[in-house]
Amino acid sequence: MTFRTFPDYLSLSRQTACCMADLLKRKPAALICVASGDTPLGAYSEFVKLAQAGEADTSQVTFVGLDEWMGMGPEDEGSCSWYLQRGLFDPLKLRPEQVQLFSTQTDDPQAECDRINRLVSCNGGFDLIIVGVGLNGHIAMNEPGTSFKSEAHVSDLHETTIAVGQKYFNRPTPLEKGLTVGLRHVAEAREALLLVSGAKKAAVLKTALKGPVTEEFPASLFQILPNGKVWADAEAAGGL
């Protein structure tokens with residue numbers, strides 16, 4: 001694992017966008033898994049600027065959504081895919097086949113997980129996966145206690161995730177389960193990038209990097225990833 005700090009959120013976002021663009025120069029048909037949430041949105045905005053300026057060719061890339069609340073889709077304001085659609089996919093004018101999202105409005109969620117697992121397997125893993133970290137150390141919706149060997153699965157959400165998740169919605173929203181890529185996908189990605197921003201994540205980052213490597217704190221997995229990168233702004237890195 002490598003660790004890098006940036007003076008502010010904008011610098012973090014711009015460097016992440018450049019990382020995405022550089023990958024597409026090397027491999028135009030890359031498979032990239034992208035998180036929603038507050039932290040990566042700035043990076044997506046900067047990446048869109050690069051693409052619109054002709055500095056990133058997105059004509060062959062395939063994006064996979066990292067996770068989704070059970071029962072929600074791109075049309076549901078506040079859902080993971082809604083944020084990705086507005087912040088990344090729509091501005092890039094991607095073709096439908098270039099966007100692969102968990103369909104959680106289904107009677108067979110495990111079949112959806114199997115579909116994503118096959119997609120990743122056929123590609124030999126993600127070329128790049130971009131994730132954030134939750135206050136309880138979760139990566140995507142891989143909650144504390146999730147096996148490091150997990151693939152895409154149905155997740156029972158931790159009470160912390162349910163409480164924090166309310167900020168994405170304009171009214172109280174029942175959240176119990178989600179579909180998520182697994183920690184094995186993070187570990188086996190050719191490049192795994194953990195983005196951490198803001199003082200509220202300083203203690204989380206310290207535990208992830210300095211605490212024991214344990215499935216009870218999924219972000220600690222990055223300590224043992226040879227292809228892992230942890231990038232943080234100065235506020236998030238303040239506790240190290």
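Reader: Which residue is the bridge partner of C33 in β3?

Author: That partner is V64. Keep in mind that the model is predicted.

Reader: How do you know that β2 and β3 pair, and in which sense?

Author: Two strands count as paired if at least two bridges link them. Strand β2 (residues 31-34) and β3 have four bridges between them, in the parallel sense. The call of a pair therefore holds, with four bridges set against a cut-off of two.

Reader: What makes the crossover from β2 to β3 a β-α-β one, and what is its hand?

Author: The chain leaves β2, passes through helix α2 (residues 41-52) and arrives at β3. It is called right-handed because, with the strands pointing away from you, the path over the helix runs clockwise.

Reader: How many bridges join β3 to β5?

Author: Two, with the strands running parallel. The pair counts because the cut-off is at least two bridges. V64 turns up again in this pairing, standing opposite Q100 in β5.

Reader: What makes you say that both faces of β3 are covered?

Author: In a regular strand the side chains alternate between the two faces of the sheet. In strand β3 (residues 62-65), T62 and V64 lie on one side, F63 and G65 lie on the other, and all of them are buried. Buried here stands for a relative accessible area under 20%.

Reader: In what order do the seven strands of the open sheet stand?

Author: The order is β1-β10-β9-β6-β2-β3-β5, and the pairing is parallel.

Reader: Why are β1 and β5 called edge strands?

Author: Each of them, β1 (2-6) and β5 (99-100), pairs on one side only.

Reader: Why is β9 described as largely enclosed by the rest of the structure?

Author: Five of the five residues of β9 (residues 192-196) are buried, so the strand earns that description. Both of its faces take part: A192, L194 and V196 are buried on one side, and L193 and L195 on the other.

Reader: How do you know which strands β9 pairs with?

Author: Count the bridges. Strand β6 (residues 128-131) shares three with β9, in the parallel sense, and there I130 stands opposite L193. Strand β10 (residues 228-233) shares five with β9, again parallel, and L194 stands opposite V230. Both pairs qualify, because at least two bridges are needed. β9 and β10 also belong to a right-handed β-α-β unit, with helix α7 (residues 202-210) as its third member.

Reader: What is the order of the open sheet of three strands?

Author: It reads β4-β8-β7, with antiparallel pairing. β4 (67-69) and β7 (153-156) each have a single partner strand, so one side of each is left without a neighbour in the sheet. From one strand to the next the twist averages 25°. β7 and strand β8 (residues 177-180) are antiparallel and joined by four bridges; S155 stands opposite G178 there.

Reader: Why is K93 called exposed, and A140 buried?

Author: K93 has a relative accessible area of 73%, and exposed means over 50%. A140 has 9%, and buried means under 20%. Each value therefore falls clearly under its label. K93 is found in the loop between α3 and β5, whereas A140 lies in the loop between β6 and β7.

Reader: What is phi of K93, and what is phi of A140?

Author: Phi of K93 is near 55°, a positive value in a residue other than glycine. A140 is described in the same terms, with phi near 55°.

Reader: How many residues line the largest pocket, and which lie nearest its centre?

Author: The lining has 30 residues, and S36, G37, V133, H138 and Y168 lie nearest the centre. The space inside is about 570 Å³. Elements giving two or more residues to that lining are β4, α3 (80-92) and α5 (159-165), and α5 supplies the largest share, four residues. By class, the lining has 12 nonpolar, 13 polar and five charged residues.

Reader: What lines the second largest pocket?

Author: The lining residues are M72, D76, E77, G78, Y168, F169, N170, R171 and T173. They comprise three nonpolar, three polar and three charged residues. G78 is counted as polar, because Gly is placed in that class. The space in this pocket is about 170 Å³.

Methods: Residues numbered from 1 in each chain as written. Predicted model: local features only at pLDDT ≥ 70, side-chain atom pairs only at ≥ 80, totals over all residues. Heavy atoms only, no water. Axes fitted to C-alpha atoms, helices over the stretch in contact; angles between N-to-C directions. 1 Å grid on protein atoms, 1.4 Å probe; cavity = no way out; pocket = protein on both sides within 12 Å on 5 of 7 lines; lining within 4 Å. Points joined across faces, edges and corners; volume = space filled by probe spheres on them. Buried < 20%, exposed > 50% of the residue type's maximum accessible area, 1.4 Å probe, protein only.
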